Each structure stands twice: as structure tokens, then as C-alpha cells.
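You asked for a short note on this model. The points below go through it by topic.

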Amino acid sequence: MEASDALPASVPVLIAGGGPVGLTLAALLARHGVRSLVVEADPGYCTGSRAICISRRSQEILWTAGAGAALQAKALPWTGGRSYWRNQEVLRFEMPSEPTQRFAPMVNIQQFHVEAFVHQALQQVPQLVQVAWSARVAGVEQVRDGVVVDVDTAAGRSRVRAGYVAACDGGRSTVRDLLGLQFEGMQYEGRYVIVDIRQKTHRAVERLAWFDPPSNPGSTLLMHRQPDDIWRIDYQLRDGEDADEALQPHNILPRVQSHLAMIGEHEPWELQWASMYNAKCLTLRSYRERNVLFAGDAAHLVPIFGVRGLNSGLDDAANLAWKLALVLGGGASPALLDTYSSERVQAAHENIAYGAKSTEFMAPPNFAFRLLREATLRVALDEPAVRPLINPRQSAPVAYLASGLNEAQQGTWAHDAAAPGMPAPEALVNGPRGPLHLTQCFGTDFTCLVFGDGPLPQALADLAGRGIAVLDIPPEADAGGQARERYGLPDAGATGLVLVRPDGYVLGRWRGLDPGNLFDALRRKGLSP
């Protein structure tokens, strides 16, 4: 990257870390008109595939960030996968998906592409975002009205005063160290070599896993296709293998070649990149330290199994952006940022719990777990009822059912799938300009979904002048009844209001069409959009 311009003396938000989480946070803040400075120690995008599986929820977030079209054009969508014990299939799974969905349940793409696509979107708003490459945070001092940050660049040390600092600077977070904060949790001993190779293939895009394959006895091996003819291969090291030696090409090449030959991939190939990984289940106790907020790997480290790492970091960015913007704009007190911490710490604990279960199956930490896994795999050959135990538990949005922002719902609803604290369900309706996915309306503003039975009442139309987007969904716009069913309206003639937060979570829902209920809820929560 080219050398960055001189750093500003002050900025509303300084983001430490220009990886996918930090860049996405900057893009989402820009959607709210909030200026930010991104400080990244590296000279440019990451190398190697790194985080590769982007969930449907993350695709929605990246679309809001301005990277959606580029991501959709490049990424490889997939809906399921297969697992093998030795050379016999023991599991075939499919993630929930349907033709009316806006996005695939998962896409594969190298992390550096995600960084590049979001950065390209940021370059469209230079008045709102500056990215300083080869710039390192050297000091953090919390003061009465913000944070003073020392930043080292090739030109020397600069001092930047920020209203808030968002620490998105990874698992080895400098900001976290400077504030003397420590992770809590555990890490597993099992180590995986991560390899990118370039090879042409005609295989379908799916998650492939082998336990104790003949090509690599005693190991577990994963394969994912990536764009540009790249295979991502992860394989487990056996106990006692030297980590440094394992990353040498003379050890990687025969292992990869053995497996490619076993599965019938005979095209020429070449090694592109290699690294090593071991599973960690770590989190800070709180993601808010006065005017410093933590997100992504700086806040939590989650095992890669189940692909909850980057996806949870992007959810951090979506949760934090609108709250920071509202606080900075005077629409809420700084106490709103405590809900960022409480909601996302809860999410981290859930992700860690799922990740730990997957890790204990993918990389058994001791003899007892290895024995249990082998017994499960043996039985799964003939007993379909056992096969769900092998399921990799792919990433899914977390519900904030205990959040202090939830408003008690009013009236009778058919189910709780769209209750306060739940991710707002997707549905396809007929909008003013044709078919419309509801998630296209989320991401920046509070949105009121109006399930009416006639023309939109003027009192509801006037919400737009109060900072709340309005989406009218009369019965004729929901001809198949999909939206009404998914949001819990008990019948086609029922009316109701659903208020969706900017990050796509339900804040409250009320039967009937009285906007006074909505205003009362926002007032009680201290929110003024």
C-alpha cells in the first residue's frame, strides 16, 4: 500500500487494526456519517487464506459495508458437506437453504479478498475514513473526554485524540496489552497445519473432512475449495511432531500429495502458503474498558471448527457500529455501549461452547475423547441416528434473549422465532420496485415493519421523520404469507408492528398499529434515532 497521509490530531473513532473486522467497522460507521481513523501495523492485506468461510449473516453485514457485490462475484457458495472415517462416508449434511434466500448459507473466499473488497468500499468515502498502513499503536491513555493514542509511522510518532478507540487488532492485541487486560479460558494442544495449494478441480464446493484417512493415518484432514483454483487443506499433526519441522515443504508436500492421490485429484499443483493453528477458547470478561471497545480476535479467540471466528468478529462490528454512532450523535448515553459488551460477551461464550464441542471431536484432547470419537465413527457407518454427533455445527446468529435492549412483546404471537432479541427473519415480499428481501432494509437505520390490513396510517408514515425507516407489508405485498408467518402473525388478517435494530435484531413487537407503543419503548431504552 502507498504511504498514508498525515494522521489527524483528533477523530471521533480510532480503530486499531485494519483486518476484516476493523475495516468493516469503519465502513459501517461511515454509513452513519461517523469519521474514523484505521491504524494497521502491516503494510497491506494479509497473506494466505486464513478465515475462509463467510456465513449468510456475515454476507448481509458485508453487503451493508459496501463489499457485497464484489464478494458475491468472487466467492464460492456452498450448502453442505461430507465426512469420512478412513475411506468410508459417515456423514452428509445440508445447511438450511431455499431458493428465496438472498444469500447462500456459506461462501468460501480467502480473507485477503474480504479485506480488499471492504477497503475498496472505504475509498469511496475518503472524507469519512482514513486507513493508515504501516502504523502501529504505541500508547493508549484514557482521559476524561476520550482516549489519547500514540501512533508510530515511518514519519515518526503522532498523538491522536479520539472520542473512542475500537481495538480490532487481533489475537495479539497491542491495545489489550497496553491496558493490562488478560484473556480468560483455555486452549487445546492439538495442532493443525494450514496449507493453500493451487490445483484445478471439477469437484463440487462443499466441506470435506476425513478422520484417520489412509493418506494420513492418525490425522484429521479438512478441505475447502477457494476461488482462483485454490484448495485450503488443514491437517492435524500427530503427537510429538515438531511444529517448525512440520512447516517445511519437504514435510508438507508428501502429505498433501498422498491425500490428493487418494481422492483422485491428479492435476499438477503447487504450494502457495502454509501456517499452523491450535484451537483456543478465550475471551475478555468485558469488551468495554471506559472509552475503549474490543472486537474480533482482540476480544475473543474461538476455534475454527464451525467457522465462528471471523463471522463472530463481523457480528461484533455490526453490533458496535450503530451504538457508537448513536452515542456520538447524542441519541443515547454512553451506557448504551455496555449492551455491546454484554450481548457480544454472551455471544462469545456460546460460540466458544459450540467450538469446544467441535474441537473435542476434530482434535480429541486425550485418550478418552479419541476412544469416544472412534466408537462414534464406527457406529455411524451403520446407524444414521448417530451421524448428527459428527455434524460440524456451522456458525449461526446468536440470539440476545437476555439483552437489556429488548422490549417485552405485547399481544398474541404464533411463535417466538421473531421475539425481541432474535435475529430478524428473512422473508421475500413485493416491494415498491419489485421483489424485496427484508434484510435489504436492515443495516443502518431502525426499521419498523408494518403488518397492516389496508393503506399505511399517516401516523406510521410519519416515523420516517423521526429517524425510523418504515416498511409497509400489507397482505397483497406478502402474497405467500411468508413474512407474516416468519414474524409470528397468527393469521393473514392480523396486524402488528415489529421494530428492528440497525444490526438486524428485533427490539420489540406489538399487535395492532399504534406507534405510541414504539415511542414508549425507545424512550424507556434511552434511544433517540
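The numbered points cover salt bridges, helices, backbone angles and two individual residues.

1. Status of the model. The structure is a predicted model, and the values in this note should be read as computed from that prediction.

2. Salt bridges overall. The count of salt bridges comes to 29. Three of them are taken up below, chosen for illustration: R82 with E206, R157 with D152, and R501 with D503.

3. R82 and E206. The side chains of these two residues form a salt bridge, with 3.1 Å from N to O. The pair joins distant parts of the chain, R82 and E206 being 124 residues apart. R82 sits in strand β5 (residues 80–85), while E206 is in the loop that runs between β12 (184–198) and β13 (207–211). Are the two partners buried or exposed? R82 has 22% relative accessibility and so counts as partly exposed. E206 has a relative accessible area of 15%, which is under the 20% cut-off, so E206 is buried.

4. The network around R82. This salt bridge does not stand by itself: R82, E89, R92 and E206 are linked in a network of salt bridges. A figure of the R82–E206 pair could therefore show E89 and R92 too, as members of that network.

5. R157 and D152. In this salt bridge the closest N and O atoms are 2.6 Å apart. R157 has a relative accessible area of 54%, over the 50% cut-off, and is therefore exposed. Its partner D152, at 27%, is partly exposed.

6. R501 and D503. The closest N and O atoms of this salt bridge are 2.7 Å apart. Which class of accessibility do the two residues fall into? R501 is buried, because its relative accessibility is 1%. D503 is at 6% and also counts as buried.

7. Helix α8. This helix covers residues 309–328, and its 20 residues should span 28 Å at 1.5 Å a residue. The C-alpha atoms at its ends are 28 Å apart, so the expected span and the modelled one agree. How many of the residues of α8 are buried? The helix is mostly covered, with 19 of its 20 residues buried. Just after α8 comes G330, which has a positive phi of about 80 degrees.

8. G331. This residue belongs to the loop between α8 and α9. G331 is buried, since its relative accessible area is 7%. Setting aside residues up to four places away in sequence, G331 touches L326, G526, L527 and S528. L181 is 150 residues from G331 along the chain, and the C-alpha atoms of the two are separated by 30 Å.

9. Helices α9 and α10. Two packed helices are described by the angle between their axes and the distance between the axes. For α9 (residues 336–362) and α10 (residues 367–380), the axes come within 8 Å and cross at roughly 80 degrees. The two helices are therefore roughly perpendicular to each other, since that class takes in angles from 65 to 115 degrees. Which residues make the contact? On α9 they are E360, F361 and M362, and on α10 they are F369, R373, T376 and L377. By class, this contact has 4 nonpolar, 1 polar and 2 charged residues.

10. D228 and D229. Where do positive phi values occur in residues other than glycine? Phi is near 65 degrees in D228 and near 60 degrees in D229. D228 is in the loop between β14 (220–226) and β15 (230–236), and D229 lies in the loop between β14 and β15 as well. D228 is partly exposed, because its relative accessible area is 37%. D229 is at 31% and counts as partly exposed too.

11. N278. This residue lies in strand β16 (residues 270–283). N278 has a relative accessible area of 17% and is therefore buried. Leaving out neighbours within four places in sequence, N278 is in contact with Q187, Y188, G190 and R191. Q101 is 177 residues from N278 in sequence, and the C-alpha atoms of the two are 34 Å apart in space.

Methods. Residues are numbered from 1 along each chain as its sequence is written. This is a predicted model: local features need pLDDT of at least 70, side-chain atom pairs count only at pLDDT 80 or more; totals for chains, interfaces and linings use all residues. Side-chain values use heavy atoms; hydrogens and water are left out. A salt bridge is a side-chain nitrogen of Lys or Arg within 4 Å of a carboxyl oxygen of Asp or Glu. Helices (H or I, at least four residues) and strands (E, at least two) are DSSP runs, numbered from the N terminus. Buried means under 20% relative accessible area, exposed over 50%, partly exposed in between (1.4 Å probe, protein chains only). The expected span of a helix is 1.5 Å times one less than its number of residues. Axes are lines fitted to C-alpha atoms, for helices over the stretch in contact, and angles run from 0 to 180 degrees between N-to-C directions. Angles under 35 degrees count as roughly parallel, over 145 as roughly antiparallel, 65 to 115 as roughly perpendicular and the rest as oblique. Contact means heavy atoms within 4.5 Å. Ala, Val, Leu, Ile, Met, Phe, Trp, Tyr, Cys and Pro count as nonpolar, Asp, Glu, Lys and Arg as charged, and the others, Gly among them, as polar.
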